[in-house]
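Work through the exercises below with the sequence and the model open. Try each task before reading its solution.

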Amino acid sequence: MCGIAGAVARHVDDELLKQRVFTMTEALRHRGPDSAGFVDAPGVSLGVRRLAIIDVEHGDQPLFSEDRQVITIANCEIYNYVELREQLIRRGHTFATRSDAEVIVHLYEKHGAAFVEQLRGMFAIALWDARRRRLLLARDRMGEKPLYLLETSDALYFASEMKALVASGVASRELDPVAIDHFLHYSFVPEPRTAIRGIRKLPAATWLTLDLDDWKSEERRYWNIEDAPPIATDPVIAVRERLDDIADIVVRSDVPVGIALSGGLDSTAIAALVAKKGIARCISVGYPGRPDNDESGFAKETARALALPFTRVELQASDVASTFEDLVARQDDPIADIAAAGYAAVAWAAHETGTKVLLQGQGGDELFWGYPWVVDAAKKTRRKNRLVFYELTPQYEAAERLWGDDAASVFTRPFDREHPDIAITSLICETYLRCNGLAQADRLSMSYSVEPRNPFLDHRLVETVIGLRKHSSDVRLPPKTWLREAARDLVPAAVLARPKRGFRPPAVEWRAEVFARHGEKLIDGRLAASGLIDRKLLRKFASPRRRQMLLAFPLLVLELWCRAF
């Protein structure tokens, strides 16, 4: 797992290009504190910071094909690298390391850009084909790993985080008004846009090639969640088989692996699946006085039952407020989710305990109907024969009254009227999961040099769920029926019987403390200077009433983000 950066250009001085890429790479040091690597050629510069997980001693990047004509830097964890490596060796390929990333160059030699279809895992890849003078960029299917792009008439820059592009001086730092409008409605910026004009994200499940000699590019989506073929079998058996399958390979690591554990079904099921496969510890977050929404006690019981070490981090409102500016900067994208403080605390605890890999339960709610409003969206879409989605959330409803409903166009799209529940599953994965949950999981964990892994997002498990749903919909069953039944023999009965809580921090108290410390920064701050938001409104929301918090909190996050960037 790494941070990668690079550029290809024409009519740009090679030394200037090299210096820019060096600056970008250094801005990603937190993502890869263990080593740095660079490779340069006329019109090309690539840089990488490595977090050593597989083949710690010998797996430094860049990595090369046998003739050194194919070169890769990759922010990746290829879960099936052992199987791929064995196949490639049988076909005559020679490996210089045991790194999971080295399979990339050899697969490319055989399959070209289609090599990405062989990979099982999470990845953002840059590959330089010296013979063809071609750059290839690729991103994993579910969008776990980010890749930001900045394109000009004579150059293409890319990096694992937006702050690296900003640090290099090639980005304008100018806010994108459309992206800001979307942010105020959704509390995140839907991909591929970013908050900064001129910077975009390479879409998930997409590869891009650019030939330097004729400066021709091609961008192609290689996978779509909705294309999974129907599966006619027992859903519980099929889901359990996929869970067992991913559990065997998602823990591959040469460094300690832990799990972010709550008291809920998702993380408990993962913990039980991998407990005997080398997990180092469980980490949970709690709150002073152990209120009802503190699940760390349940998590401790699970850890004890699985004979795993347990670490509890206690978060006070004053801690959240005092570190909030730093938290916003670590997120890279503006994301107005107060729960980020809990995710950051777990990542910090993992770092402090020497746990370099952290399994998480991201995706369980999105795949198995864990959110009531998403269930409502699927049911209403079927009744109304049109797509109903984010407009059902309290955040969007509040923003629509103040800012209008132009942002609804983000989710206006054709869909298969026979399977509206699949369209809704696809949308929740492409938006809230990818742009909020996964963005936080990646940026916050990697800001502490910890690699997050999300077993529920294995694409074979995702395809299985969608295929089963095409044959027989589960949207009218109780929430998470398929997952609950698939994990019934793994998870304590108390967890199965417990109502869904989700990660519910003391949000009201936390937000109040954050505004008490930082609210005045909305007055005559960066947003006021930008002219995008009315100054009177900013002054009003500097000390918001409780019912105004859904509108005020995103504004404060955006103000602090602007100051950081």
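A salt bridge here is a side-chain nitrogen of Lys or Arg within 4 Å of a carboxyl oxygen of Asp or Glu. The model is a predicted one.

**Exercise 1. Salt bridges across the chain**

Task: State how many salt bridges the rule gives, then find where Arg 133 and Asp 213 sit.

Solution:
- Step 1. Apply the cut-off. The count comes to 45 salt bridges.
- Step 2. Take Arg 133 and Asp 213. Their closest N and O atoms are 2.9 Å apart, which makes a salt bridge.
- Step 3. Place the partners. Arg 133 lies in the loop between β6 (121-129) and β7 (134-139), and Asp 213 in the loop between β11 (206-211) and β12 (216-221). The two are 80 residues apart, so this pair links distant parts of the chain.
- Step 4. Check exposure. Arg 133 has a relative accessible area of 25% and is partly exposed. Asp 213 is exposed, at 64%.

**Exercise 2. Two pairs, two settings**

Task: Decide whether the partners Asp 474 and Arg 469 are buried or exposed, and do the same for Glu 26 and Arg 29.

Solution:
- Step 1. Confirm the pairs. Asp 474 and Arg 469 meet in a salt bridge at 2.7 Å, N to O. Glu 26 and Arg 29 form one too, with closest N and O atoms 2.7 Å apart.
- Step 2. Recall the cut-offs. Buried means under 20% relative accessible area, and exposed means over 50%.
- Step 3. Sort the residues. Asp 474 and Arg 469 are both buried. Glu 26, at 25% relative accessibility, counts as partly exposed because it falls between the two cut-offs. Arg 29 is partly exposed as well, at 41%.

**Exercise 3. A network of charges**

Task: Which residues are linked with Arg 31 in a network of salt bridges?

Solution:
- Step 1. Start from the principle. Side chains of opposite charge can pair when their charged atoms come close.
- Step 2. Collect the basic members. Besides Arg 31, the network holds Arg 139, Lys 145, Lys 163, Lys 201 and Arg 443.
- Step 3. Add the acidic members. They are Glu 161, Glu 191, Asp 332, Asp 333 and Asp 442.

**Exercise 4. A loop leucine**

Task: Where is Leu 306 found, and which residues does Leu 306 touch beyond four places away in sequence?

Solution:
- Step 1. Locate the residue. Leu 306 is in the loop between α8 (296-305) and β15 (310-314).
- Step 2. Check burial. Its relative accessibility is 17%, so Leu 306 counts as buried.
- Step 3. List the contacts. Leu 306 touches Ala 271, Ala 272, Ala 275 and Lys 276.
- Step 4. Compare sequence and space. Leu 306 and Ala 272 are 34 residues apart in sequence, with C-alpha atoms 7.0 Å apart.

**Exercise 5. Cysteines**

Task: How many disulfides does the structure hold?

Solution:
- Step 1. Use the cut-off. A disulfide needs cysteine sulfur atoms within 2.5 Å.
- Step 2. Count. The structure holds zero disulfides.
- Step 3. Test Cys 76. The nearest cysteine sulfur, that of Cys 2, is 6.9 Å away.
- Step 4. Check burial. Cys 76 is buried at 1% relative accessibility, and Cys 282 is buried at 0%.

**Exercise 6. The whole chain**

Task: How many helices and strands does the chain have, and why is the chain called as compact as a globular protein of its length?

Solution:
- Step 1. Count the elements. There are 22 helices and 17 strands.
- Step 2. Judge compactness. The radius of gyration is 23 Å, close to the 24 Å that the globule rule gives for 565 residues, so the chain is as compact as a globular protein of that length.
- Step 3. Add burial. Of the 565 residues, 60% count as buried.

Conventions. Residues are numbered from 1 along each chain as its sequence is written. This is a predicted model: local features need pLDDT of at least 70, side-chain atom pairs count only at pLDDT 80 or more; totals for chains, interfaces and linings use all residues. Side-chain values use heavy atoms; hydrogens and water are left out. Buried means under 20% relative accessible area, exposed over 50%, partly exposed in between (1.4 Å probe, protein chains only). Helices (H or I, at least four residues) and strands (E, at least two) are DSSP runs, numbered from the N terminus. Contact means heavy atoms within 4.5 Å. The radius of gyration is taken over C-alpha atoms; the globule rule is 2.2 Å times the number of residues to the power 0.38.
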